[in-house]
Amino acid sequence: MSGGGSLLVIGGGPAGITAALQGSELGARVTLLEAGQIGGTSLNRGPAPVRTLARAARLARDWSSWATFGLEGPRPVTNLPAMVANSDRVARYAHDKKDVAGHLRRHGIDLVEDLGPVGFVDPHTVAADGAGIWSADRVILAVGGHAARLPIPGAELALTYEDIPALTVLPGRAAVVGGADTGCQIASILQDLGVTVSLFEAGPALIPAADASVSAEFSRAFRAQGIQVHTGTLVEALRADGTAIQVDYRCGPATGQLAVDAVFFAVGWPASVGELNLDAAGVAAGPGLIPVDDYLRTNVGHIFAAGDVNGRSMLVQTARMEGRIAATNAVLGPSRQPSYDVVPSGSFTDPEYGRVGLTETQAARQHDVVVGIAYYDDLLRPVADGRPDGFCKLIADRRDHRILGAHVLGEYSAETVQAVAACMAAGMTVEQVAELQFAFPTFTEGICMAAQKICRALGVGRFPQVWSYLGFED
């Protein structure tokens, strides 16, 4: 299509918006179709509003530490409708401030919102029921995903995180099914707001994709907060019992029941492809995703898939990157490939955590690794803030001293890990990171401390052992 022609983008989340803008920048005539409101899950139902609720939950949590700082006062009273209204305000602010729709149209993009489902008529044409038909030389699918439900009896009784804004009162008791990122966020928010929470995870550890040290500390911290953590446990059925819901579960040969007021599923995020009529375009779909090649092409050469729909990464920042690359390859021809090596991410949990790069287990499969851990109770800022639980863990290659991964647990972890990601992207060695002069007193100092510990283990840099864990070299 080389710098011209027509480009049709289906889905107005981060991947679709970025793809449309990139396509227009490269000279294509772009049409962007969105089933609902522009912005997708990230602005309307996901990170923006959920992060706002998480902030309210952390403020409620902090009441328990008032006495430590010489403060007195009654425990805050949760006003859920006011909290939800504030999260809506943040979502509206993002729309009003950014004026996403106006920005797209000012760049010459034909934006059509509130279409409802859109499906293929043929490989170059899509239609929305009663709303129109659109054709283009190239198509980018960026329809995102949706919250999955377990295929168990009574699944219709469960809620998902998308239902949280519709709650009018908090449940007294809640079960959260799924112990990965989203499930732990829901459990953490509810717990800090005073709900009695039980968390069920089918696998052996919470946040299975995280570094083992983070998963282990998460389980310990959640249990210390009063969350009932059930790992290696399958939820087999939900049953209505008056105003309560009975949760039937199994852990190995043992079975159990739990009565709660609400159940939240957080068991996956499959692609929203059910209405696309992919067969009409000849596009192959796998379980819960549309497979793509190294250039984000589907099996049909002129149709691309970017963001959650291709199942590669469920992160906003990655969706934006894929949107740019998919548009570039669609307009100019396949030339760019996405990279996922340095993609920092974090979770709005209590404790918060951030990660980038490989876990220690992943790194050890291909590298001779050395690890450095800076514990937060060895830093002034976490102690001063009354949040000394946590750590910053760096993983480096023993041969070339490159940082392979970082895993941070505790306050401001999602912010701290960004600095490590920048160091990794810049190709800095661990000794160069150890020399950085981060502001004092901050949580970010943990990066230097962990890097210096690695340098001592490697015998480089001649850094003095200034931390208090004098019996450890980790």
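**Close-up A. Arg297 and Asp293 pair up in a salt bridge.** In this predicted model, the closest N and O atoms of Arg297 and Asp293 sit 2.8 Å apart. Both partners fall in the middle class for exposure: Arg297 is partly exposed, with a relative accessible area of 24%, and Asp293 also counts as partly exposed, at 25%. The structure holds 18 salt bridges, and a few others get their own views below.

**Close-up B. Asp368 and Arg398 form a salt bridge between two loops.** Here the N to O distance is 3.4 Å. Asp368 lies in the loop between helix H9 (360–366) and strand E18 (369–375), while Arg398 lies in the loop between strand E19 (391–397) and strand E20 (403–409), so the pair ties together parts that are 30 residues apart in sequence. As for cover, Asp368 is partly exposed with a relative accessible area of 49%, and Arg398 is partly exposed too, with 36%.

**Close-up C. Asp248 meets Arg239 in a salt bridge with one buried partner and one partly exposed partner.** The side chains come together at 2.9 Å, N to O. Why does Asp248 count as buried? Its relative accessible area is 15%, and the cut-off for buried is under 20%. Arg239, on the other hand, is partly exposed, with a relative accessible area of 39%.

**Close-up D. Five charged residues share a network of salt bridges, and one of them leads into a cis peptide bond.** The members of the network are Arg61, Asp62, Asp350, Arg387 and Glu411. Look at Asp350 for the backbone detail: the peptide bond from Asp350 to Pro351 is cis, with omega near 10°. Pro351 itself is found in the loop between strand E16 (345–347) and strand E17 (353–357).

**Close-up E. Another cis peptide bond joins Phe440 and Pro441.** For this bond, omega is about -10°. Where does Pro441 sit? Pro441 is in the loop between helix H12 (430–434) and helix H13 (445–458).

**Close-up F. Phe200 and Tyr249 make a tilted aromatic pair.** The structure holds 6 aromatic pairs. In the pair of Phe200 and Tyr249, the ring centres are 5.1 Å apart, with 50° between the planes. This pair links distant parts of the chain, with Phe200 in strand E9 (residues 196–201) and Tyr249 in strand E12 (residues 244–251), 49 residues apart. Both rings belong to buried residues: Phe200 has a relative accessible area of 1%, and Tyr249 comes in at 17%.

**Close-up G. Phe218 and Phe222 meet edge-to-face.** Their ring centres lie 5.1 Å apart and their planes are at 75°, so the pair counts as edge-to-face; the cut-off for that label is over 60 degrees. Being 4 residues apart in helix H7 (residues 212–225), Phe218 and Phe222 are separated by about one helical turn. Phe218 is buried, with a relative accessible area of 0%, and Phe222 is likewise buried at 0%. Together with Tyr353, Phe218 and Phe222 form one aromatic cluster.

**Close-up H. Lys98 belongs to a patch of positive charge on the surface.** The patch gathers Lys98, Arg320, Arg324 and Arg336. Lys98 is found in helix H4 (residues 80–98). Is Lys98 buried or exposed? At 53% relative accessibility, Lys98 counts as exposed, the cut-off being over 50%.

**Close-up I. Asn277 and His401 have positive phi, though neither is a glycine.** For Asn277, phi is near 55°. Asn277 is placed in the loop between strand E14 (262–265) and strand E15 (303–305) and counts as partly exposed, at 42% relative accessibility. For His401, phi is about 70°. His401 is found in the loop between E19 and E20, and with 14% relative accessibility it counts as buried.

**Close-up J. Ala259 and Arg173 are 86 residues apart along the chain, with C-alpha atoms 8.0 Å apart.** Ala259 has its place in strand E13 (residues 254–260). With a relative accessible area of 27%, Ala259 is partly exposed.

Methods
Residues are numbered from 1 along each chain as its sequence is written. This is a predicted model: local features need pLDDT of at least 70, side-chain atom pairs count only at pLDDT 80 or more; totals for chains, interfaces and linings use all residues. Side-chain values use heavy atoms; hydrogens and water are left out. Patches are made of residues with over 30% relative accessible area and no salt bridge: like charges are joined within 9 Å, nonpolar side chains (Val, Leu, Ile, Met, Phe, Trp, Tyr) within 5 Å. Accessible areas come from the Shrake-Rupley method with a 1.4 Å probe; for residues, only the protein chains shown count as cover. A salt bridge is a side-chain nitrogen of Lys or Arg within 4 Å of a carboxyl oxygen of Asp or Glu. Lys and Arg count as positive and Asp and Glu as negative; His and the chain ends are not counted. The place of a charge is taken as NZ of Lys, CZ of Arg, CG of Asp or CD of Glu. Buried means under 20% relative accessible area, exposed over 50%, partly exposed in between (1.4 Å probe, protein chains only). Rings of Phe, Tyr and Trp (its six-membered ring) pair if their centres lie within 6.5 Å; planes under 30 degrees apart count as stacked, over 60 as edge-to-face and the rest as tilted.
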